[in-house]
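Trainee: I have a structure open on my screen and I'd like to learn how to read it. Can you walk me through it?

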Amino acid sequence: MSELLTDLQQFLAASPTPFHAVAEMSKRLEKVGFTQLLETDQWNLEKGGRYFTLRNGSSIVAWVMPQNRELVESGIRMVGAHTDSPCLKVKPQPELHKHGYHQLGVEVYGGVLLNPWFDRDLSMAGRVSYLSKDGDRLNALVDFKKPVAVIPSLAIHLDREANSSRKINAQTFLPVILGQGEEKSDFKQLLAEQMRAEGNHSVEKVLDYEISLYDTQPPSLIGLSEEFLVSARLDNLLSCYMGLAALLEADTAEGALLVCNDHEEVGSMSAAGAQGPMLSQVIERMVPEAEARIRMINRSMMISADNAHGIHPNFADKHDANHGPLLNAGPVIKLNANQRYATNSETSALFRDLAMTEEVEVQAFVVRSDMGCGSTIGPITASELGVKTLDIGVPQFAMHSIREMAGAQDIQSLTRVLVKYFREHQV
């Protein structure tokens, strides 16, 4: 097992929600000398400076200022990904008490593959907003870590058509079981108790929360030769990790930037999403003068990194026969004639050239012509900034499931190409 894959598994385990993922990325950036800038402060960016900033605690932009060049002349080499994954989120008034069971009502976030959520050991994590004993309104992260909830399946004896025609009703099938008892539980009080158990003794009253359920089974390498990584949230924390690892490894990078936005799985239309102004506002502060900024953008490039659909051996007919990526056969360039992906021949050629220098094979994905195509932050960022953009990713199975699967070799290969990209002097 490579050091990269070991570190990746630790990152995934530490990141059950976008808030935790951004906190983990911030910790890793600070450890190697990046300085956090608050959006509310005045920025004084220095040549060679390494910085990062957050929004909503769930989106992050990290960058390296050039030491020997001006941004307007060199442009920025950007990598973009997203921090959120499809999941189940606890409702604002979630408490249910039926037949002696304590339950929580949940909402479906994003395009969740729901069947795999049944019969899993689930925990809860997220952000809590609260009043402190001093009367301050504060935010804190919480993570129960251990299994505390489950969604039991209905026995096949009571649903003989379960394997042929079962349809999941998100309102009635998905409330999770927390325990048993006669008294109705108070979820906010449960959160306050957990926060105190985690060492936060300043909690006086929980005001609100954003809590997600997640699978407690840790990431692991599987296969006879450990050729596959399986984990929750590979879409798209895997790309966040590869972008971060490449930025930190490319120690000679100048004018390199990583952005990881929240809310991609629900359309990106938020203050912290790719359709919001976060990235453009950071760039405006990097290059305040409008004409210089336009010149800089036209010398820049964005690589939108988001996983691709590998060809499933049991469902090969779901792919175009000439565009079915294989796991561990190289990163995938994603193309779509209708601009659901932002790749064009120029950006694709640059990536292929970089990959050749690193002796990395490259694959291509085009959806079947009779099927709809998903999208990424790539087209959104391209249209917001006017920057040339490429959509790529590692191929994976079980996208949007509670547990996904990717090729271990692909992860190492794409990270290597991204390091090369960040080290390039111009695009």
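**Reading helices, sheets and rings**

Mentor: Sure. Keep in mind that this is a predicted model. Start with helix H1 (residues 3-13), which lies across S11 and S12 and runs at about 10 degrees to S12. On that sheet there is also helix H6 (residues 234-249), touching S12, strand S19 (395-397) and S20, with its direction at about 40 degrees to that of S20.

Trainee: In what order do the strands of that open sheet come?

Mentor: Read the order from one side to the other: S11-S12-S20-S19-S15, 5 strands with mixed pairing. S11 and strand S15 (308-309) are the edge strands, each pairing on one side only.

Trainee: How many bridges join S11 to S12?

Mentor: There are 3 bridges between strand S11 (residues 220-222) and strand S12 (residues 228-231), and the two run antiparallel. You can follow the register residue by residue: Ser220 is opposite Val230 in S12, and Leu221 is opposite Leu229. The two strands make a hairpin with 5 residues between them, and Gly223 in the turn has a positive phi of about 100 degrees. Going on across the sheet, S12 is joined to strand S20 (residues 404-407) by 4 bridges, again antiparallel. There, Ser231 faces Glu404.

Trainee: Now the other open sheet. Which strands stand at its edges?

Mentor: First get the order, S8-S7-S10-S5-S6-S9: 6 strands with antiparallel pairing. Strand S8 (137-143) and strand S9 (176-180) are at the edges with a single partner strand each, so one side of each has no neighbour in the sheet. Neighbouring strands here are turned by 30 degrees against each other on average, direction ignored. Look at strand S7 (residues 122-132) too: 7 bridges join S7 to S8, and they run antiparallel. Within that pair, Val128 is opposite Ala140 in S8.

Trainee: What packs on this sheet?

Mentor: H2 does, touching S7, S8 and strand S10 (203-215), with its direction at about 95 degrees to that of S8. Helix H5 (residues 187-197) lies across strand S5 (87-98), strand S6 (101-109), S7, S8, S9 and S10, at about 90 degrees to S10.

Trainee: How far apart are the end C-alpha atoms of H2, and what span should I expect?

Mentor: Use 1.5 Å a residue: the 14 residues of helix H2 (residues 18-31) should span 20 Å, and the end C-alpha atoms are 20 Å apart, which agrees. Then check how covered the helix is: 10 of the 14 residues of H2 are buried. Among them are Phe19, Val22, Met25 and Leu29, but also Glu24 and Arg28. Just after H2, look for Gly33, where phi is positive at about 100 degrees.

Trainee: And the aromatic rings? How many aromatic pairs does the structure hold?

Mentor: A pair of rings is described by how far apart the centres are and by the angle of the planes. This structure holds 5 aromatic pairs. Take Tyr421 and Phe422: their pair is tilted, at 5.7 Å centre to centre with 40 degrees between the planes. Both Tyr421 and Phe422 are buried. Elsewhere, Trp43, Tyr51 and Trp63 make up one aromatic cluster.

Trainee: Which ring does the charged end of Arg166 sit over?

Mentor: That's Phe118, with the charged end 4.5 Å from the centre of the ring. For another case, find Lys89, which lies over the face of Tyr109 at 4.2 Å from the ring centre.

Key
Residues numbered from 1 in each chain as written. Predicted model: local features only at pLDDT ≥ 70, side-chain atom pairs only at ≥ 80, totals over all residues. Heavy atoms only, no water. Expected span 1.5 Å × (residues − 1). Buried < 20%, exposed > 50% of the residue type's maximum accessible area, 1.4 Å probe, protein only. Pairing = 2+ DSSP bridges. Contact = heavy atoms within 4.5 Å. Axes fitted to C-alpha atoms, helices over the stretch in contact; angles between N-to-C directions. Phe/Tyr/Trp six-rings, centres within 6.5 Å; stacked < 30°, edge-to-face > 60°. Lys NZ or Arg CZ within 6 Å of the ring centre and 35° of its normal.
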